[in-house]
Amino acid sequence: MRWGEVVKLSKSDVVAAFKSSPELSEHTAIRQRTLKTAIGCTGIGLHSGAKVTMVLHPAEADTGIRFKRTDIAGRGAIVPALWSNVGDTRMNTCLVNEAGVQVGTVEHLMSALAGSGIDNCLIEINGPEVPVMDGSAAPFLFLIECAGTVEQVLPRRAIRVLKRVTVTDGEKMASLSPASAFSLRFEIDFASQAISRQEFAVTLTRGAFKSEISRARTFGFEQEVAMLRAHGLARGGSLDNAVVIDSTGTKVLNDDGLRYGDEFVRHKILDAVGDLSLAGAPILGAFHGVRSGHALNNQLLRALFADQTAWTYTTVAPGSAAANGFAALPAPEPMVVNG
Ligand SMILES: [Zn+2]
C-alpha cells in the first residue's frame, strides 16, 4: 500500500479487519460517519485576504476528507486531506496535490471535522484558502451541527499508537504515545506577558472538543503583522478573526478580551487536533506538544508512519474510551444508515 492514497477497503479487507478484532462483529463496531446534508459558508482567507465560498458535502465511506477546488478544471482539482500532501507550514497548514494545486489554512476546519467524528466529507472551495471565519473551529462546528451527521455502513478505522514516537526541533517537541483514547497535552512559553507559560491537557471524550477547545482563536503579535504582510501573509487578518497582542507584549487588543483565560494554549491544541487528523483516520494515542506547531506536528505523523511497528489500524468498540473520543456532537437517531 502506498501512503498518501485514499485506501479503498474491499469486502475481504473488512472481514480481515474484524478477524483481527475478535471482540467486535460487523454489527457492533463503531461505523464511519458523514454529513447528513450539504452545507456551506462564505468568508475571507486569513493569509490571502480573498473572499471564498466553501460547501461541505456528504461523501462515500472510505473516501476520507477531500477538498475539491471548483475554480480548477480536471482531476487536479481534488486535494486529499492527508499528511503526505502537506506542503507549506509557515503560519498555517497548506495542502498541495501532485498537480501542484493548493488548499491553505485547513487546520481549523480539519479540527472541527475531527472533533465532530466525521470520517468522510468532500469540501468544495472556489479558492486557494479555507475561510478563517472567527479564527477558531466554532463556526465550522456550527455548520456541521446544522447539517447533522449520519452513520455509514463500513466500520470506522482508527490508528492505534503502539509505541512512543518523538520528534524535536531545538526546544520544540512533539510526541505520540499509546493510550486508550485520543488525548492531548500542550505546553507553550512565550516571552510576552500576555501569554507567558501555559499548559493544558484534554481527553477528547464526549463534548470536550466543543466546550474546551473549539472556540479558542488563532493569535498573533501587533509587530508581526507588518512582517507577515510583507511576505504576503495575514492579509485578511484582523481583530475579527485573531487575538492580537500589543507591541509591549502585555495587552490583548481585542475589545472583548479572551474567550478562555488560557485561550492561546487551547488554540495550539485545536491546531494539533486538525494537523493530526491528516493521519487520515482518528488516532488512539496521547499527543504531547511542547512549543510545537504545524511543521513539527506534520513531522510527527511522518515519523509515525515511517515506523511500521509504531502503529496499527483497528476498529473501535461502542462504549469504549476510543468510541467516546471525537463524539463532540449528540448521537443522531438510530437506524439512519447512508452509503
Ligand atoms: Zn490555528
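## Strand 3 and its two faces

In this predicted model, the side chains of strand 3 alternate between two faces. Val52, Met54, Leu56 and Pro58 point to one face and are buried. Lys51, Thr53, Val55 and His57 point to the other face and are not buried. In a regular strand the side chains alternate between the two faces of the sheet.

Strand 3 covers residues 51-58 and pairs with strand 8, residues 121-125, in the antiparallel sense over five bridges. Within this pairing, valine 55 has glutamate 124 of strand 8 as its bridge partner, and histidine 57 stands opposite leucine 122. Strand 3 is also joined to strand 2 by six bridges, and these two strands run antiparallel. Here the bridge partner of valine 55 is glycine 40.

## The five-stranded sheet

The strands just described belong to an open sheet of five strands with the order 2-3-8-4-5 and mixed pairing. Its edges are strand 2 (39-44) and strand 5 (78-80), each of which pairs on one side only. On average, neighbouring strands of the sheet are turned by 25 degrees against each other, direction ignored.

Strand 2 and strand 3 form a hairpin with six residues between them. Glycine 49 lies in the turn and has a positive phi of about 75 degrees. Helix 3, residues 138-147, lies across strand 2 and strand 3 and runs at about 160 degrees to strand 2.

## The largest nonpolar core

The largest nonpolar core contains 87 residues. Cys121, Ile269 and Leu278 have the most contacts inside this core. Among the elements of the chain, helix 6 gives the most to the core, with seven residues. In soluble globular proteins, nonpolar side chains tend to be buried together.

Which residues does cysteine 121 touch, not counting residues up to four places away in sequence? The list consists of Thr34, Leu35, Leu56, His57, Ala59, Ile65 and Leu113. One of these, Leu56, is among the buried residues of strand 3.

## Helix 6 against helix 7

Two packed helices are described by the angle between their axes and the distance between the axes. For helix 6 (residues 263-277) and helix 7 (residues 294-306), the axes come within 9 Å and cross at roughly 40 degrees. The crossing of helix 6 and helix 7 is right-handed.

Helix 6 contributes Asp271, Ala272, Asp275 and Leu276 to the contact, while helix 7 contributes His294, Asn297, Asn298 and Leu301. By class, the contact of helix 6 with helix 7 has three nonpolar, three polar and two charged residues.

## A three-stranded sheet

An open sheet of three strands has the order 17-10-19, also with mixed pairing. Strand 17 (283-284) and strand 19 (311-314) are its edge strands, each pairing on one side only. Strand 10, residues 158-161, runs parallel to strand 17 and is joined to strand 17 by two bridges. Isoleucine 159 has isoleucine 283 of strand 17 as its bridge partner.

## The chain as a whole

The chain has eight helices and 20 strands. Of its 339 residues, 47% count as buried. Among contacts between residues at least 6 apart in sequence, 76% join residues at least 24 apart.

Terms used
Residues numbered from 1 in each chain as written. Predicted model: local features only at pLDDT ≥ 70, side-chain atom pairs only at ≥ 80, totals over all residues. Axes fitted to C-alpha atoms, helices over the stretch in contact; angles between N-to-C directions. Helix = DSSP H or I, 4+ residues; strand = E, 2+ residues; numbered from the N terminus. Left-handed = near helix turned anticlockwise from the far one by under 90°. Contact = placed C-beta atoms within 7 Å. Nonpolar A, V, L, I, M, F, W, Y, C, P; charged D, E, K, R; others polar. Pairing = 2+ DSSP bridges. Buried ≥ 20, exposed ≤ 12 C-beta atoms within 10 Å, placed from the backbone. Core = buried A, V, L, I, M, F, W, Y, C linked by C-beta atoms within 7 Å.
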